[in-house]
Amino acid sequence: MNVLYVVAIAVWAMLPAYVPNNAAVLAGGGRPIDGGRTYGGRRLLGDGKTWRGTAVGVLAGLAVAGVLNWLAPTVSVTVGVAFPRFPPIVALALAAGAMVGDIAASFLKRRTGRERGAAFPVVDQLDFVVVALLAAFLLAPGWFGRVFTLPVLVAVVVLTPALHVLTNGVAYVLGLKDEPW
Ligand code: CTP
Ligand code: MG
Ligand code: K
């Protein structure tokens with residue numbers, strides 16, 4: 001399969017994990033998940049991880065999976081390559097996994113002395129991918145093995161940081177996000 005198709009499949013398969021972070025930025029606010037609690041003298045997670053942002057993020061990821069499921073037959077026939085559909089358990093693994101990865105990264109940031117909003121290079125760009133993929137692998141190993149072939153996985157790891165930097169940069173310029181990462 002040519003490189004363009006590998007890239008297209010990688011982006012398609014990861015969209016339900018990419019969208020939650022951006023939706024959370026737009027929806028964020030309200031009660032923080034940690035309820036203000038501290039651990040070792042620092043916030044457990046911080047004010048940047050809220051119930052509303054997380055819930056809207058997961059729902060947005062599920063909605064994206066639904067739209068892609070609806071588009072899959074047409075896109076596959078038009079392009080001549082099979083674009084995968086997302087069974088409900090896979091959609092949930094990708095969307096919720098992405099949010100859990102982002103939350104776990106905040107936990108790590110606080111433990112390593114980074115304040116809310118501080119950059120944590122590499123972790124910021126890949127936290128959500130690692131947990132989304134791990135969740136999909138654990139909950140739907142057959143589906144995972146069919147869709148995330150080695151070339152597709154390589155494309156995800158190479159492309160995601162670039163896409164992350166780009167979308168967060170745009171969100172920052174538009175005034176939607178406080179920092180460009
Ligand atoms: N957000 C949210 N809930 C989440 C994730 C994000 O409400 N689970 C919102 C918050 O308003 C957050 C913004 O999206 O400030 C940007 O997300 P992110 O960069 O992940 O959070 P930071 O504010 O940078 O906090 P941290 O340092 O903990 O990552
Ligand atoms: Mg941030
Ligand atoms: K983050």
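Here is a short conversation about a predicted model, with a visitor asking and a guide answering.

Visitor: Welcome me in gently: which residues does the UniProt annotation "transmembrane region" cover?

Guide: This one comes from a record rather than from the atoms: an unreviewed UniProt entry carries the annotation. The residues it covers are 6-29, 50-71, 86-105, 126-144 and 150-174.

Visitor: How many Å apart are the end C-alpha atoms of residues 86-105?

Guide: Let's look at the make-up of that span, which is 90% helix and 0% strand. Its end C-alpha atoms lie apart by 26 Å.

Visitor: And over residues 126-144, how far apart are the end C-alpha atoms?

Guide: Here the chain is 95% helix and 0% strand. The distance between the end C-alpha atoms is 18 Å.

Visitor: Are helix 1 and helix 6 parallel, perpendicular or oblique to each other?

Guide: Start with the axes of helix 1 (residues 3-27) and helix 6 (residues 150-173), which come within 9 Å and cross at roughly 45°. Angles under 35 degrees would count as roughly parallel, and 65 to 115 as roughly perpendicular. The crossing angle fits neither range, so the relation of helix 1 to helix 6 is oblique.

Visitor: How many nonpolar, polar and charged residues are in the contact of helix 1 with helix 6?

Guide: On the helix 1 side, the residues include Val6, Ile9, Met14 and Tyr18. Helix 6 meets them with residues including Pro151, Val156, Leu159 and Leu163. Sorted by class, the residues of this contact are 13 nonpolar, three polar and no charged.

Visitor: Helix 4 also meets helix 6; is that crossing left-handed or right-handed?

Guide: The axes of helix 4 (residues 123-139) and helix 6 come within 8 Å and cross at roughly 140°. That makes helix 4 oblique to helix 6, because an angle must be over 145 degrees to count as roughly antiparallel. As for its hand, the crossing is right-handed.

Visitor: How many charged residues does the contact of helix 4 with helix 6 have?

Guide: Helix 4 brings Asp124, Gln125, Leu126, Phe128, Val129 and Leu133 to this contact. Among their partners in helix 6 are Leu153, Thr160, His164 and Val165. By class there are nine nonpolar residues and three polar ones, and the number of charged residues is one.

Visitor: How many residues apart are Tyr39 and Phe107?

Guide: The whole structure has seven aromatic pairs. One of them is Tyr39 with Phe107, a tilted pair at 6.2 Å centre to centre with 35° between the planes. Tyr39 sits in strand 1 (residues 38-39) and Phe107 in helix 3 (residues 88-111), so the pair links distant parts of the chain, and the separation in residues is 68.

How values were computed. Residues are numbered from 1 along each chain as its sequence is written. Chains are lettered from A and ligands numbered from 1 in the order in which they are written. This is a predicted model: local features need pLDDT of at least 70, side-chain atom pairs count only at pLDDT 80 or more; totals for chains, interfaces and linings use all residues. Side-chain values use heavy atoms; hydrogens and water are left out. Axes are lines fitted to C-alpha atoms, for helices over the stretch in contact, and angles run from 0 to 180 degrees between N-to-C directions. Helices (H or I, at least four residues) and strands (E, at least two) are DSSP runs, numbered from the N terminus. Contact means heavy atoms within 4.5 Å. Ala, Val, Leu, Ile, Met, Phe, Trp, Tyr, Cys and Pro count as nonpolar, Asp, Glu, Lys and Arg as charged, and the others, Gly among them, as polar. UniProt positions are given in the numbering used here, feature names are shortened, and annotations may be inferred rather than shown by experiment. Rings of Phe, Tyr and Trp (its six-membered ring) pair if their centres lie within 6.5 Å; planes under 30 degrees apart count as stacked, over 60 as edge-to-face and the rest as tilted. A crossing is left-handed if the near helix is turned anticlockwise from the far one by less than a right angle, and right-handed if clockwise.
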